[in-house]
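Subject: The structure we talked about

Hi there,

Here is the structure I promised to send over. Please have it open while you read, as my notes follow below.

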Amino acid sequence: MKGAVKPITIGHCLSIEPVIVDAAKWIYQVHGYGPVQDIAAVYDFAQALAAPIATVGTYNELAALTLKPGEWAKCNALGMFRLGGASDKKITADVQGGIFYGQYPDTVADIVPALLRKAEFSASEIGSFAALANKGWSFYSKEPVDVGTVCRKAVLDAGGYLISDNQGVWQVGNAFAPKAAKPLLADGSAEPSVGAILERNVADPLWQVEVGYNPCWGVHSASDISPKLLELAGSIAEQDAALELVRETADLAKATAEAAEIEIDNMGADGILDRSEKIDNQRLLEEAAAERSTIASKIGIYNAATEWNAYVAAHEALKAYLAPLLADITVNSPIDRAAFKSRWATYREKHQAVWNAMAGDARTVSTWAGTSGAGKPQDNATVGAKAGLNLLDQNGAAIVTLEDGATKGAPVGTDVGGKPVIDVISDLGKIAPIEVAQVEAGRAILNAQLLAEQRRQRYEDITHVSGLPLGPVVARIDQERVQGDKAITDTVSLIGQKRADGQAFILNGSTVEIEPGKSLVSRLSELSSLTTADVSSAVSARISSYDEVLTSRTGAIARQVDGLEAKIIAPGGPIAAAINSYDRTTVDPADPTTKTVAESVRTLRSTVGGQSSEIAFILRALNGNEATAQLVLTANGKVSGLRLQGSTRSIAFDVKKFSIEDPDTGKSYFVADANDGGKVKMYDVEVDRIKAGSVDSPSLAIAATSRSSFATLSSDVACPYNTTADVISFVFDKVDADSVLKVQMFAQADHADDLIFTGEIVVDGNVAQTARVRMPFDNSNSRGSVPITPFAFVSGIAPGSHTVTFRLRSLDTEGPTYVRAGSTLEVTELRRAAAAVVQTNTVVNGSGGGGGGGEVLE
């Protein structure tokens, strides 16, 4: 049901149309939001199925049941039921709907608060609904619905109103609750205050009124109802009328009516009057014509003209209706079954009525004057005779009268006093005062009995097959049909099932094989449109989708290809845009290189004239040990992109220029480009640390691989004779473990006479370098002055903070040696490039201005 709206059932809903959720197993759902109180009944073709054979608690249990056609089972916990076989007729069900918050609501007072809670209203926002406590209601929908609309409809159907008060609390009221009447006064002396009262003419009566009720949610058309039920419903009125007539007539007439009704009712049950039924109708018309002649020859002696005229009109209407149908008895003809039955029913009714009238009037139509013949007694022959006086026949024997009903119900051929009934009645016709009319009535009853016997035999002939009753034969044929249908259904279910919208058939890839052990299922769908302006131009658009599943005993492949394209064919060249996707999964344990592959490719393409641009995004997972993501951009033949390789944990850029954009400012910073010589040139890049195998020095800026720090004397420092003074000192932070520190002092040394001293570079208390200066002059008070630049390369110390100091020890006895303000101590960290062998030397220049020095050898 992916993408479909689940059905919702609230309250006791009658005849809902459920949603099928598994067409292969005939599983239907009536409520998709939790359990229901009960699925009370299920109907197929408007006929109720027998009680369910099982009630289960889970979907798996429901799907696993073994059901026969005509059986069903239910799962109230999921609001689902399952049929035992497929049906192409309307399926409906009576459902006691969803359970909300542990209760089954079936009144407006329970349903609306439950829905408001579903809409996340708190208990404090839901007021009292007691005014509608006894108002039952139900609701069913397979489409999206608004909770507010449903709540308002429920209250309105119950004759109430739903409002939110000034505290935001939902309240209901009964619009028809009794309320004391209040006068409306235009003078404003009573509430509610009324400004004026205007009496208008009464409007026309309402022509459209909406009335609340408990609906039947699934309306059945004639084609949705079993013909058996239609026959039953259509014949009830006729059967009731016929029974009333039968009760008032003789048993023989009753048998006639029943036999004729059964025979007619079985004709045209399927809406078709077939060839054999036409022959039967023709025979029945011939019998009716013969009987009409018989009645016509006798009707004159009865007071039954009204019944006779109605009978003749019904007979003529029946003949006129059947004439076009019986014109060609070699073909089947469609009929309006209701009209067909009505014509015959009317005829049978009028036919029975005329016989009843004749039989009822037979006792009253005889007159003494109308009796003639030899042996007729004289007028008033017995008037005044004593009670008990017997009449004598012509031979002088006493005549004994027959008791009322003496032969009632006797079958044809019954003798009375050793003589056939017909002879007895004939004899009675010769005895006064029994009259001819009574004899004719008796004969009419006997004729009706004979006709009934003939029709019973005919009914026996058409309701038996090879001597067996038609019912068991039809039941056996129906069972064979059901078994055959089930076999077909089982076979079709192996092939696949109809799509939910009924517009396509979906093959079952697990049970359909293109060859033994190999199954292929594919599906192709396409939407396209083409508009042609002339022979040189056209506009088209297309959406296509292709799915394929291939399985074998050793592996499986699933592919999916989707495409969207819009194109204009123009004289200057095509203009097109397309988006394509390709997805593939493969499992093949026998393949040594690609046992499993999951691959996805997305492509966007744009073409104008002879130029095109494309973006391709490729994802690939292989064998559980390789993953690749690749982005390729092509613009009119120029390709760029990047590739991420999972197994090597690498990323590669296929670009000529590389830049970085600041997301905060949107400014782009150009970093590097690749020239045709296979080199990358970088611009304006700040790096905290670079670790390289080698560096091409012409490409480096001055001091590109070093970092320096220095300290400068702010005032002169005096160092007395034979004492050591820390001239200048500061803390330097070393970064790299393998770097070398270069420490150098730039000092101006002065003395009143000669310059004789030593200078030391000290790191963390350890002397790293000593510089000795000895510059004696010939004159006294020579005022010696010299700049000195002693330095040292210090390696093997760890990263971190280190104290660097320059010391001076004066060795001239004629006063202190001064280091002048402005002298500077510099420390430089030579990173990587200075990690070569360092050799230091001390040079003492005793005549021209000395200093300590050294050089780096690489």
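A word on terms before we start: a residue is called buried when its relative accessible area is under 20%, exposed when that area is over 50%, and partly exposed in between. Please also keep in mind that this is a predicted model.

**Helices α3 and α2**

Let's begin with helix α3, which spans residues 147-157 and has V150, C151, A154, V155 and D157 as buried residues. These residues lie on the same side of α3, because the arc they cover around the axis is only 170°. What do the buried residues of α3 pack against? Their partners are α2 (108-118), β11 (139-141), β12 (160-164) and β13 (170-174).

Both ends of α3 are worth a look. At its start, D146 places a side-chain oxygen within 3.1 Å of the backbone nitrogen of G148. Just after the helix comes G159, with a positive phi of about 80°.

Helix α2 is largely enclosed by the rest of the structure, since 8 of its 11 residues are buried. The buried residues are V108, A109, I111, V112, P113, A114, L115 and L116. Their cover includes β1 (8-10), α3 and β13. After α2 comes E120, which has a positive phi as well, near 70°.

**Salt bridges**

How many salt bridges does the structure hold? There are 19, and I picked out three pairs for you.

The side chains of K90 and D224 meet in a salt bridge, with 3.3 Å from N to O. This pair links distant parts of the chain, 134 residues apart: K90 sits in the loop between β9 (80-83) and β10 (91-98), while D224 sits in the loop between β13 and α4 (227-248). K90 counts as buried because its relative accessibility is 16%, and D224 is likewise buried, with a relative accessible area of 16%. E17 belongs here too, as a network of salt bridges links E17, K90 and D224.

Next come E829 and R707, which form a salt bridge whose closest N and O atoms are 3.0 Å apart. This pair also links distant parts of the chain, with E829 in strand β44 (residues 824-830) and R707 in strand β34 (residues 706-712), 122 residues apart. Is E829 buried or exposed? E829 counts as buried, at 0% relative accessibility. R707 is partly exposed, with a relative accessible area of 31%.

The last pair is D750 with R820, a salt bridge in which the closest N and O atoms are 2.6 Å apart. D750 is in strand β37 (residues 740-751) and R820 is in the loop between β43 (817-819) and β44, so the salt bridge ties together parts 70 residues apart in sequence. D750 counts as buried at 14% relative accessibility, whereas R820, at 27%, counts as partly exposed.

**A nonpolar patch**

Finally, have a look at the surface. Which residues make the nonpolar surface patch of about 610 Å²? They are L527, I543, L564, I579, L604, I615 and L633. To find your way there, you could start from L527, in strand β22 (residues 519-534). L527 counts as exposed, because its relative accessibility is 60%.

Happy to go through any of this with you over coffee.

Best wishes

Notes: Residues numbered from 1 in each chain as written. Heavy atoms only, no water. Buried < 20%, exposed > 50% of the residue type's maximum accessible area, 1.4 Å probe, protein only. Helix = DSSP H or I, 4+ residues; strand = E, 2+ residues; numbered from the N terminus. Arc of directions from axis to C-beta. Contact = heavy atoms within 4.5 Å. Polar contact = N/O pair within 3.5 Å; in protein donor to acceptor, adjacent residues only side chain to side chain. Salt bridge = Lys/Arg side-chain N within 4 Å of Asp/Glu carboxyl O. Patch = residues over 30% accessible without salt bridge, like charges linked within 9 Å, V, L, I, M, F, W, Y side chains within 5 Å. Areas by Shrake-Rupley, 256 points an atom, 1.4 Å probe, with all protein chains shown as cover.
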